[in-house]
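Hi there,

Here is the structure I promised to send you. Have a look at it first, and then read on for what I found.

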Amino acid sequence: MEQHEPVMERREAVMKQCEPGRERYELAMKWVREAGDMLRRMRKSSLDIAEKSGHQDIVTRCDREIERFLRQRIWNLFPDDRIVGEEYTAAEFRSDRVKEQYAAELRSDQVKEQYAAAVWFLDPIDGTTNFVNQSCDYAVSVGCIAGGGPQFGIVLDVEGGRLYSAKEGGGAWMNGCRLHTAENQQVKDMLLTTPCVTELFLGSYREKEGISRLAMDVRAVRSTGSIALELCHVASGRADLCIALKSSPWDHNAARLILAEAGGAIQSLEGGELPYYGDSAFVAAGSEEAVKKIKKEYLEHL
């Protein structure tokens, strides 16, 4: 009997480690819903729009208030967790607690080895331009990683009322309904979505010729203007492909798990796995085979 006690102790320790993951997920679902309610109310007041890198890259007071709301909820209950958000650096928001040079950490995959606690990725409004100009097609995105791998991803289509979610190994869901990617295997039957049409078709980059051919070969090209939502559209079968020339961790780390749990795949446009930390271009599709097909026929020879 004594020989089995260490095994039982290890099992109990693992169970204790798993429980906080479930707690984080359940709380995050609640907080994301609350953030959506806040955004619907905020739209009726002054947005205080400001430019970041230019007139096509904007931020509102709502972006910052929602991120502040989420950060405070997380740190109140999980003070040892790390947070990667779009609108605040750690030094801005929590300089008394975080002493690391956070921006430098985010550029290195080695950060995964340093964190025993969870790392949260927050995009308070993914699709800020849509929020400002159209009052639709914007999302709250929250992802969580621990031990170098994804724990859960949550994306709320605020105006559409669609709550996308996934836990590692638990499938992908939308409002309680199981999600599965589409089964289109022929390029001519596929719908391609991209968050920024201007960059994809008017910009200058290595893969432009191949992507332009792809755009002519697919059934249609659409743009929602939100990376998180467009990945969720592939996960739910509403689209077949998604290509983004620039995506940050807070843009894709929640939705990438939802896509994977629905049967889809995502890779760096340059080749290999999409990093959890740092900016990257990507191609996503309803299956790993579809990603390989697109890369082989349209991208690899460039």
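Let's begin with helix 2 and its buried residues: Cys62, Asp63, Ile66, Glu67, Phe69, Leu70, Arg71, Ile74 and Trp75. Please keep in mind that this is a predicted model, so every value here is computed from it.

Helix 2 covers residues 61-77. How far apart should the ends of its 17 residues be? At 1.5 Å a residue the expected span is 24 Å, and the end C-alpha atoms of helix 2 are 25 Å apart, which agrees. At the start of this helix, a side-chain oxygen of Thr60 comes to within 3.1 Å of the backbone nitrogen of Cys62.

Now follow helix 2 to the strands that it lies across: strand 3, strand 4 (119-126) and strand 5. Its direction makes an angle of about 155° with strand 4.

Those strands belong to an open sheet of seven strands with mixed pairing, in the order 3-4-5-6-7-8-9. Which strands stand at the edges? They are strand 3 (82-85) and strand 9 (177-178); each has a single partner strand, so one side of each is left without a neighbour in the sheet.

Further into the order, strand 5 (residues 139-146) and strand 6 (residues 149-157) run antiparallel and are joined by eight bridges. If you would like one pair to find on screen, try Cys144, whose bridge partner in strand 6 is Phe152.

Another helix meets this sheet too. Helix 9 (residues 227-235) lies across strand 4, strand 5, strand 6 and strand 7 (162-167), and runs at about 100° to strand 6.

Next, a stop at a loop. Ser46 sits between helix 1 (5-42) and strand 1 (50-54). Is Ser46 buried, partly exposed or exposed? Its relative accessibility is 47%, so Ser46 counts as partly exposed. Thr60, which we met at the start of helix 2, is 14 residues from Ser46 along the chain, and their C-alpha atoms are separated by 9.2 Å.

Finally, here is the protein as a whole:

- Its secondary structure comes to 11 helices and 14 strands.
- Of its 302 residues, 50% count as buried.
- About 14700 Å² is exposed, with carbon and sulfur atoms supplying 47% of that area.
- Among contacts between residues at least 6 apart in sequence, 63% join residues at least 24 apart.

Enjoy exploring, and write back with any questions!

Best wishes

Methods: Residues are numbered from 1 along each chain as its sequence is written. This is a predicted model: local features need pLDDT of at least 70, side-chain atom pairs count only at pLDDT 80 or more; totals for chains, interfaces and linings use all residues. Side-chain values use heavy atoms; hydrogens and water are left out. Two strands pair if DSSP finds at least two bridges between them. Helices (H or I, at least four residues) and strands (E, at least two) are DSSP runs, numbered from the N terminus. Contact means heavy atoms within 4.5 Å. Axes are lines fitted to C-alpha atoms, for helices over the stretch in contact, and angles run from 0 to 180 degrees between N-to-C directions. The expected span of a helix is 1.5 Å times one less than its number of residues. Buried means under 20% relative accessible area, exposed over 50%, partly exposed in between (1.4 Å probe, protein chains only). A polar contact is a pair of N or O atoms within 3.5 Å; within protein, one must be able to donate a hydrogen and the other to accept it, and residues adjacent in sequence count only if both atoms are side-chain atoms. Accessible areas come from the Shrake-Rupley method with a 1.4 Å probe; for residues, only the protein chains shown count as cover.
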